[in-house]
Amino acid sequence: MLNKLAYLYGEPTVKGVYKQSAADFCVKEDLGYELDGEGEHVFIHMQKQDCNTLFVAEQLAKFAGISPKLVGYAGLKDRNAITEQWFGLHIPGKLTPDFSLFDLTGCKILQVKRHSKKLRIGHLKGNSFSLIIRDVDNKVETEQRLSLIQAGGVPNYFGEQRFGKDNNNITQAMQWAKGGIKVKDRKKRSFYLSAARSAIFNGIVSQRIIEKLNTTVLCGDILQLIDRGSWFVAEQDEIESLQQRLDNNELTITVPMLGDNGPQTKDDALLFEQQYINNNWSEFLTLFKQERMETSRRASLLRPKNISWIWQDDSTLQVEFWLPAGSYATAILRELIS
């Protein structure tokens, strides 16, 4: 689904290959808070390779003698990568197991510490990435595009993994919306609804780029303060000053993760979003109402922090950056290489 979306800097012509090996794609979770060292939850900092998150969680539960339902994690991590992430085991009233005896191929425990609160999905600040791109065929253009990304960010698109293999999640969501299937499994319902909302988000971001509105404040837009969760609606008499603040990177435009209460924008921005939704994804509107999904907002632009790069040789590039939780490294790579 990503191949139909607009590029912020035009489609790249540079060719390159990433993920030739697990060591070419390294990810480290950043919880964004300190563990307090006490409480009912045992947090385990794990480095893993060739193991997916769910499998490791099950093995930790088995070792600790608890139900897999009592093992939490902040997010799923790629199996074909070297990743560092946290797992939280709810073990009230018991001593911390001796995890030095835990043995699982591809996994290494880095730290074990107690904490008073449960580790939940999405409860992290972000992730640090270190990527190796090989067989890069145009060093000059790659440098130019990296500089553009460093200065202006990239579209905050959801990656292909959000939509499942061969876009199956969005296909099933559409069948569900049209009444062709019934979905009883709770996990599948969540996957399908997330895919539907993400497809709409991606499409609106892309349409704003196509119509050159990605850096233009519309009356009724919902704007967010950079690095803060608070947002507000752009009123007509404030457009000029808000545009200046957007240009100065103080604000970002948000796009809906649509629910049953509509986009929540007003005036020109509402008309823009409604027109796109009605022309492309109207089938999902009834489904969102039926499932009582609540609308949220997500920044349309992704700004990587601490981005740096170094050439290991004339065709091998190492890129490092930090991204906030819920964003995708593939959004960076998509604007960089074809």
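Me: Is serine 147 buried, partly exposed or exposed?
Reply: Happy to start there, keeping in mind that this is a predicted model. Serine 147 sits in helix α2, which covers residues 139–152. Buried would require under 20% relative accessible area and exposed over 50%. At 37% relative accessibility, serine 147 falls in between and so counts as partly exposed.

Me: What distance separates the C-alpha atoms of serine 147 and isoleucine 132?
Reply: Along the chain, these two residues are 15 residues apart. In space, the separation between their C-alpha atoms is 17 Å.

Me: Is glutamate 335 buried or exposed, then?
Reply: This residue belongs to helix α8, residues 329–336. The cut-off for a buried residue is under 20% relative accessible area. Glutamate 335 has a relative accessible area of 1%, so the label is buried.

Me: Which residues are in contact with glutamate 335, leaving aside its neighbours within four places in sequence?
Reply: Good one to check in the viewer! One group of contacts is Ala6, Tyr7, Leu8, Tyr9, Gly10 and Pro12. The others listed for glutamate 335 are Arg145, Ile149, Val154 and Pro155.

Me: Why can the buried residues of α3 be said to line one face of the helix?
Reply: Helix α3 spans residues 168–177, and its buried residues are Asn169, Ile170, Ala173, Met174 and Trp176. An α-helix has 3.6 residues a turn, so residues three or four places apart point the same way. Looking down the axis of α3, the buried residues line one face because they fall within an arc of 160°.

Me: Which helices are included in what covers the buried residues of α3?
Reply: The residues being covered include Ile170 and Trp176. Among the elements covering the buried residues of α3 are two helices, α4 (186–210) and α7 (283–291).

Me: Which glycine takes a positive phi just after α3?
Reply: Helix α3 covers residues 168–177, and the glycine comes just after it. The phi there is about 85°, and the residue is glycine 179.

Me: How compact is the chain, given its radius of gyration?
Reply: The chain holds 8 helices and 15 strands. Its radius of gyration is 21 Å, close to the 20 Å from the globule rule for 338 residues, so the chain is as compact as a globular protein of that length.

Me: What share of the contacts with a separation of 6 or more joins residues 24 or more positions apart?
Reply: For context, buried residues make up 47% of the 338 residues in the chain. Of the contacts with a separation of 6 or more, the share from residues 24 or more positions apart is 80%.

Terms used
Residues numbered from 1 in each chain as written. Predicted model: local features only at pLDDT ≥ 70, side-chain atom pairs only at ≥ 80, totals over all residues. Heavy atoms only, no water. Helix = DSSP H or I, 4+ residues; strand = E, 2+ residues; numbered from the N terminus. Rg over C-alpha atoms; globule rule 2.2 N^0.38 Å. Buried < 20%, exposed > 50% of the residue type's maximum accessible area, 1.4 Å probe, protein only. Contact = heavy atoms within 4.5 Å. Arc of directions from axis to C-beta.
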